Amino acid sequence: MSNITGILLCAGDSRRMGFHKLLYRLPNGKTPMDMSLEALVKGGVNRLVIVVNEATRTHAHSLISRAGVPVTVCEGGETRQESVYNGLLCCKPGIAVIHDAARCLARPALVHACIDSVRLHGSGVAFIPVRDTVLHVKQDNGGGVTALAREELLHTQTPQAFEYSRILDAYEKARADDRAATDDSTLYAAAGHAVRFVPGAVDNRKLTTPEDIVWLEERLCAAAAGLGAAAGLRVGLGEDVHLLVQDRPLILGGVEIPFEKGLIGHSDADVLIHALMDALLGAAGLGDIGVQFPDTDPQYKGISSLTLLVRVADRLAAAGYGVRNVDVTVVAERPKLAPHFPQMRELIAAALRLTTDRIGLKATTTEGSGPEGRGECIRANAVALLYAL
Ligand code: MG
C-alpha cells in the first residue's frame, strides 16, 4: 500500500480565540485536535505528521499511542506555509493530505474523496461555492464597489491532498521565489499544476472565534440528542444543606464570600457545588458525591469542591455523558449572592468545560422562616441535563 500521510497542522497561535482552540475540551470529551486526527485516520491516511508548537506539542505526543497509525511529531514555523513545509519534509513519497486541525468537523468521507482525487488527477482540494455576492471595495476611489463574478470564486478548505513530489516541489519553488500563500492549492497552481477541486461541506468550518466553539458545541449536542431515546437526554436532581458557623470561610460556587459565618463540612462545604455535583451524578446514574468521594477518605478533607467538580466532569465523560445545562438555586437569608454570580459562573463553566450560558445560578430567601431564614444554614437545589456522547 502506498504511503498516504496526513499532515495535521497544529502550530497556529490561536490569537483570535483568547484560549487555545485546538486544546479546548468539547462536550464529547475530545479536543478539536483529536477529532481532526480521527477524521484523517478514518478517511484513509496510513501515517501522520503532526505539526506542533510549544502549546500543542505535549498533547500531540499523547496522541501517538492512540492514533492507530505511525505518527511523527514535527515543529511548525512562523507561518502556516513554513509549518506545512516542515511537515512535508517528514513525509514519505506517496500522497500528502494537508489538514488544518481547526477544521475538526471534516468528515472521513471528504478525506477519502480528496485522496481518491489525487489517484485520478494528482490533487484533491476541498472547496465550497461562494453563496453570497462578494464586493471589491475600492478604498482609494471614493468608496466605489465592484461585484466579483461569483461563478469565478470559491472558498477553499482543507483537506488538500496532493501527489507528494509535486506539492513538495511547489513549496520549494515558493521558497526560492519568496512567494507567500495561506493555502496549498495556490502554491501548487503557481508551480504549474492543475488543481482538482472536491466538494467540501459548509460545516467543515475553521474554528476561528469563540462563537465558532459555541456553534461546534451546539452541533455536537444536537447530534447526540438526535440519536434517539437510547442515546437521549437524562435529567438529575441534587440537594444539599450545610450549617453556618463562626470561624469558617463562606465558600459558594468556588468563590470566598465575605461574611461573618461560614459553612461547616468535611471539604470546603461548598453547598452550591455539592448540590450541583449530586444533580450531575444522579443524571448519569453514578450515585452521589458520598459514593464518589467518601468523606471517610482523608484525601478529600478540606478539598476544593471545584476540584471535585472537575473530577465529576471527567467521570461523566468516561461514562459517556456530556452536560447540556445546569441550574442551581441557593436558599440563604444572607449574604447577598447575586454580585458573586458572574465569577461563580465562570468557575463552574471552566470546571465543566462549558460556556457560561449553560450555567444557571439563582438565590432566594425564605422570608425569615425556617432554619435558612434564621441564618442557621444554607440550602442549595440543582438540576442538570445530560446527553449521551
Ligand atoms: Mg454537602
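**An open seven-stranded sheet and its helices**

In this predicted model, an open sheet of 7 strands follows the order β3-β2-β1-β4-β8-β5-β9, and its pairing is mixed. The edges are taken by β3 (71-75) and β9 (197-199); each has a single partner strand, so one side of each is left without a neighbour in the sheet. Neighbouring strands are turned against each other by 25 degrees on average, direction ignored.

Strands of a sheet pair through backbone hydrogen bonds, in either a parallel or an antiparallel manner. One pairing that can be followed here is that of β5 (residues 123-129) with β8 (residues 154-163), which run antiparallel and are joined by 6 bridges. Within this pair, Ser 123 stands opposite Phe 162 of β8.

Turning to the helices, α1 (residues 32-42) packs on the sheet, where it touches β1 (3-10), β2 (47-52) and β4 (94-100). The direction of α1 makes about 165 degrees with that of β1. Helix α5 (residues 164-177) lies across β4 and β8, and runs at about 115 degrees to β8. Strand β4 thus appears in the surroundings of both helices, being touched by α1 and crossed by α5.

It is worth pausing at α1. This helix is mostly covered, with 8 of its 11 residues buried. The buried set begins with the run Pro 32, Met 33, Asp 34, Met 35, Ser 36 and Leu 37, and is completed by Ala 39 and Leu 40. An acidic residue, Asp 34, is therefore counted among the buried positions, given that buried means under 20% relative accessible area. Just after α1, Gly 44 takes a positive phi of about 115 degrees.

For the chain as a whole, 12 helices and 16 strands are found. The C-alpha trace spans about 80 × 60 × 40 Å along its principal axes. Of the 389 residues in the chain, 48% are buried. Among contacts with a separation of 6 or more, 71% are between residues 24 or more positions apart.

The surface and the charges complete the picture. The accessible surface of the chain comes to about 18,000 Å², and carbon and sulfur atoms account for 53% of that area. The chain carries 40 positive and 44 negative side chains. The centres of these two sets lie 5 Å apart.

Technical notes:
Residues numbered from 1 in each chain as written. Predicted model: local features only at pLDDT ≥ 70, side-chain atom pairs only at ≥ 80, totals over all residues. Heavy atoms only, no water. Helix = DSSP H or I, 4+ residues; strand = E, 2+ residues; numbered from the N terminus. Buried < 20%, exposed > 50% of the residue type's maximum accessible area, 1.4 Å probe, protein only. Contact = heavy atoms within 4.5 Å. Areas by Shrake-Rupley, 256 points an atom, 1.4 Å probe, with all protein chains shown as cover. Lys, Arg positive; Asp, Glu negative; His and termini not counted. Charge placed at Lys NZ, Arg CZ, Asp CG, Glu CD. Pairing = 2+ DSSP bridges. Axes fitted to C-alpha atoms, helices over the stretch in contact; angles between N-to-C directions.
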